[in-house]
Amino acid sequence: MDISRFYRQLTTYHCHSAVLFLLVVMLSFTNSAHAQKAVPDPDSTERDSVTYPLFYEDEPLELWLEMDLRKVLNDRGDDPDYHPLTVRLTDPFSGPLVLDARVKVRGNFRKQRDNCPFPPLRLNFKKDQLEGTVFDGQDKLKLVTHCRTNRAFYEQFLLQEYLVYKMYNQLTEKSFRVRLLKITYEDSRGRSEPFSRYGFLIEDEDLLAERLGGRILEVNNVHPDRTDKELSSLLPLFQFMIGNTDWSIPGLHNIKLVIPEEGGTPTPIPYDFDMSGIVNTPYAEPPAILNIRSVTERVYRGFCQSPEEYQKAFAEFNGLKESIYKLYKDHSPPLEEDELRQSISYLDEFFEIINDERKSNREVIEACRSDR
């Protein structure tokens, strides 16, 4: 055997192998990075974190919103106009981004100046600017704002309401998704200094319905017994947990109904939790008909279920207890110490009720609504 020839072949083989190995590694990293950042065809039927990426990340998204603040915030009539809006951000997919959009005031209670000098807003994007960005697939989005700019503690109420949405996400996918924002507001007329506050976006109701394989049903007086059986006891118990009585399925009050495209049983989806006891905003007042002094007093507003259904619901909440507490304790940005302590104490009271037979019978099972 020609030893020198064999050695040359062996050396060449190892060099080619090393080059091939390096190419494979480089391609793997490239493909991995691309997989993390790429946004596939928006027409894809796959509804996942890549197709509609906005609501699948918990990290706050930083935005700059430039508008004529005085003109926008003063337009609070029954049918407010849209006004020009410039949105700037460092997009996680495409880098620095400037979007031409529109904005208007929205809402009911928080739209009133005495309740919220800085009202909730609706953002209206140009869809052809959004392809390949974090807003891919979006159009019109509800923005929940901080309500009062000159009172910093109002941000705590906003974060509290955001966490309520995230809690309900843990309970069921049949829920509105939300995305926290760190917003810098800039007056396009230069009449005030820019200021930063937290806010959050709420999933568009039509995209929510699409995600659930259905459409929005605008029909009043649908009895809860005729809605999604899975949520018939979970939804009222969740509202009881957070101390919220500001909702109604038959009245479509802070509830959206989603019905499958092929027809069938509608699903009630709750939203707007600023009147709940766990958030406890200064403007929140309970309905006079309930004969309670504060929204922090819990009242079960669900219709009566079988004892087995209640026990099943109690078990469902107990199974989520650890993750619910973790959501509050580990959230970034964190709640202030007093707010966190009060929230945990409020949740403690709920879990004490559902795990005490006497209390659960008195405050939930026997307190149910029997009117049909």
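The following dialogue introduces the contacts, cores and salt bridges of a predicted model.

Visitor: How many residues of helix H5 are buried?

Guide: Helix H5 covers residues 234–242. Its buried residues are Leu234, Leu235, Pro236, Leu237, Phe238, Gln239, Phe240, Met241 and Ile242. The helix is therefore largely enclosed by the rest of the structure, and the count of buried residues is nine of the nine.

Visitor: What covers the buried residues of H5?

Guide: Several elements take part in this cover, among them strands E9 and E10. Helices contribute too, and the cover includes H3, H6, H7 and helix H8 (357–365).

Visitor: How are H5 and H7 oriented to each other?

Guide: Helix H7 spans residues 337–354, and its axis comes within 9 Å of the axis of H5. The two axes cross at roughly 135 degrees. An angle over 145 degrees would count as roughly antiparallel, and 65 to 115 as roughly perpendicular. The orientation of H5 and H7 is therefore oblique.

Visitor: Which classes of residue make up the contact of H5 with H7?

Guide: On the H5 side stand Leu237, Phe240, Met241 and Ile242, which meet Tyr346, Leu347, Phe350, Ile353 and Ile354 of H7. By class, this contact has no polar and no charged residues, and the residues in it are nine nonpolar ones.

Visitor: Which residue follows H5, with a positive phi?

Guide: The phi of the residue that follows H5 is near 70 degrees. The residue in question is Gly243.

Visitor: Which residues have the most contacts inside the largest nonpolar core?

Guide: The largest nonpolar core has 70 residues. Helix H3 supplies the largest share of this core, 11 residues. The residues with the most contacts inside the core are Met167, Leu237, Phe238 and Phe317.

Visitor: Which residues does Leu237 touch, beyond those up to four places away in sequence?

Guide: Leu237 belongs to the buried residues of H5, and it is one of the residues with the most contacts inside the largest core. With residues up to four places away in sequence set aside, Leu237 touches Tyr300, Ala313, Phe314, Phe317, Phe350, Ile354 and Val364.

Visitor: How many residues does the second, separate core have?

Guide: This second core includes Leu63, Leu97, Leu141 and Leu143. Its size is 31 residues.

Visitor: Is Phe55 buried or exposed?

Guide: Phe55 lies in the loop between H1 and E1. Residues farther than four places away in sequence that touch it include Gln138, Leu141, Arg177, Val178 and Leu201. Arg179 is 124 residues away from Phe55 in sequence, yet the two C-alpha atoms are 5.5 Å apart. With a relative accessible area of 8%, Phe55 is buried.

Visitor: Is Thr184 buried or exposed?

Guide: Thr184 has its place in strand E6, residues 178–187. Apart from neighbours within four places in sequence, it is in contact with Leu63, Trp64, Leu65, Pro194, Phe195 and Ser196. Its relative accessibility is 11%, and the limit for a buried residue is under 20%. Thr184 therefore counts as buried.

Visitor: How many salt bridges does a search of the whole structure find?

Guide: Side chains of opposite charge can pair when their charged atoms come close. Some of the pairs are joined further, as Asp68, Asp187, Arg189 and Arg191 are linked in a network of salt bridges. The search of the whole structure finds 21.

Visitor: Which residue forms a salt bridge with Lys166?

Guide: Lys166 sits in helix H3, residues 154–171, and its partner is 108 residues apart from it, in the loop between helix H1 and strand E1. Lys166 counts as buried at 13% relative accessibility, whereas the partner is partly exposed at 46%. The closest N and O atoms are 2.7 Å apart, and the partner is Asp58.

Visitor: How far apart in sequence are the parts tied together by Asp274 and Arg110?

Guide: These two residues form a salt bridge with closest N and O atoms 3.3 Å apart. Asp274 is in the loop between strand E10 and helix H6, and Arg110 is in the loop between strand E3 and strand E4. Asp274 counts as buried at 6% relative accessibility, and Arg110 counts as buried at 10%. The parts they tie together are apart in sequence by 164 residues.

Visitor: Which residue forms a salt bridge with Glu205?

Guide: Glu205 is in helix H4, and its partner is in strand E9, 51 residues apart. The partner counts as buried, at 15% relative accessibility. The closest N and O atoms are 3.3 Å apart, and the partner is Lys256.

Technical notes
Residues are numbered from 1 along each chain as its sequence is written. This is a predicted model: local features need pLDDT of at least 70, side-chain atom pairs count only at pLDDT 80 or more; totals for chains, interfaces and linings use all residues. Side-chain values use heavy atoms; hydrogens and water are left out. Axes are lines fitted to C-alpha atoms, for helices over the stretch in contact, and angles run from 0 to 180 degrees between N-to-C directions. Helices (H or I, at least four residues) and strands (E, at least two) are DSSP runs, numbered from the N terminus. Angles under 35 degrees count as roughly parallel, over 145 as roughly antiparallel, 65 to 115 as roughly perpendicular and the rest as oblique. Contact means heavy atoms within 4.5 Å. Ala, Val, Leu, Ile, Met, Phe, Trp, Tyr, Cys and Pro count as nonpolar, Asp, Glu, Lys and Arg as charged, and the others, Gly among them, as polar. A salt bridge is a side-chain nitrogen of Lys or Arg within 4 Å of a carboxyl oxygen of Asp or Glu. Buried means under 20% relative accessible area, exposed over 50%, partly exposed in between (1.4 Å probe, protein chains only). A nonpolar core is a set of buried Ala, Val, Leu, Ile, Met, Phe, Trp, Tyr and Cys residues joined through side-chain atoms within 4.5 Å.
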